[in-house]
Amino acid sequence: MFFNFRNALTKIPSSRDMAVAILEAAGFGERLYGRRIGGYISFSQAFQDVFVLEMLNKKQKGYYVEIGSNDPVGNSNTYCLEKYYGWTGVSIEMDVMLANKFNSKRKNVCINTDATKFDYAKYFKERSWPTQIDYLQLDIEPANNTYAALNMLPLDEYRFSVITYEHDN
């Protein structure tokens with residue numbers, strides 16, 4: 001039997017990761033990640049949450065679809081929307097550990113699945129979502145997976161008011 005040491009080493013958290021986990025467990029996640037800009041507290045990497053709120057006039061009780069959620073608070077484009085503006089949303093995350101972390105910290109659900117195979121139309125219909133959804137966030141790698149996930153969205157039945165598409169280049 002072969003043991004993959006390289007793979008095992010990637011599972012060992014760094015001292016920074018451990019410090020962040022301790023601070024999050026102690027309830028300091030918001031203070032650790034939140035940054036003030038104007039009248040907002042942003043948790044996004046590049047203030048995408050502020051952009052969405054500005055485009056939608058600080059809308060309360062909106063709807064979002066987050067494809068590629070990653071961390072539930074740090075660098076999250078939807079945490080502020082959910083926490084401070086009462087938005088309803090669904091997040092899709094392929095990494096089971098990140099999806100579980102999300103579901104332990106957030107009100108809205110994170111589904112651990114492949115975003116390129118998820119039945120978005122069925123999900124929206126079963127939950128009576130509006131046909132005009134406020135925000136779509138796309139952030140999965142590589143780019144061809146983002147494109148494949150985008151093609152799975154029922155764009156003939158549902159529209160999005162604001163879309164952000166994260167890329168690494």
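**Close-up 1. The loop between β6 and α8, with the cis peptide bond before P142.** P142 is placed in the loop between β6 and α8, where helices (H or I, at least four residues) and strands (E, at least two) are DSSP runs numbered from the N terminus. The peptide bond that joins E141 and P142 is cis, with an omega of about -10°. This is a predicted model, in which local features need pLDDT of at least 70 and side-chain atom pairs count only at pLDDT 80 or more, whereas totals for chains, interfaces and linings use all residues. Residues are numbered from 1 along each chain as its sequence is written, and side-chain values use heavy atoms, with hydrogens and water left out.

**Close-up 2. The open sheet and the helices that pack on it.** Five strands form an open sheet in the order β5-β4-β3-β6-β7, with parallel pairing; two strands pair if DSSP finds at least two bridges between them. β5 and β7 stand at the edges with a single partner strand each, so one side of each is left without a neighbour in the sheet. From one strand to the next the twist averages 15°. Strand β4 (residues 88-93) runs parallel to β5 and is joined to it by four bridges, and E93 stands opposite N112 in β5. Helix α6 packs on the sheet and touches β3 (63-67), β4 and β5, its direction making about 160° with that of β5. Helix α8 (residues 143-152) also packs on the sheet, touching β3, β6 and β7, and its direction makes about 165° with that of β6. Contact means heavy atoms within 4.5 Å; axes are lines fitted to C-alpha atoms, for helices over the stretch in contact, and angles run from 0 to 180 degrees between N-to-C directions.

**Close-up 3. The buried residues of helix α4 and their surroundings.** In helix α4 (residues 48-55) the buried residues are Q48, D49, V50, V52 and L53, where buried means under 20% relative accessible area, exposed over 50% and partly exposed in between (1.4 Å probe, protein chains only). These buried residues of α4 pack against β1 (35-37), β2 (40-42), α5, β6 (132-138) and β7 (159-165). Just after α4, N57 takes a positive phi of about 55°.

**Close-up 4. The salt bridge between R106 and E82.** The closest N and O atoms of R106 and E82 are 2.9 Å apart; a salt bridge is a side-chain nitrogen of Lys or Arg within 4 Å of a carboxyl oxygen of Asp or Glu. R106 lies in the loop between α6 (96-105) and β5 (109-112), and E82 in helix α5 (residues 79-85), so the pair ties together parts that are 24 residues apart in sequence. R106 is buried at a relative accessible area of 6%, and E82 is buried at 9%. By this rule the count of salt bridges comes to seven.

**Close-up 5. Salt bridges of D114 and E126.** D114 forms a salt bridge with K117, with the closest N and O atoms 3.2 Å apart, and K117 counts as exposed at 63% relative accessibility. E126 forms a salt bridge with R127, with the closest N and O atoms 3.3 Å apart. E126 is exposed, with a relative accessible area of 52%, whereas R127 is partly exposed at 41%. Salt bridges that share partners join K122, E126 and R127 into one network.
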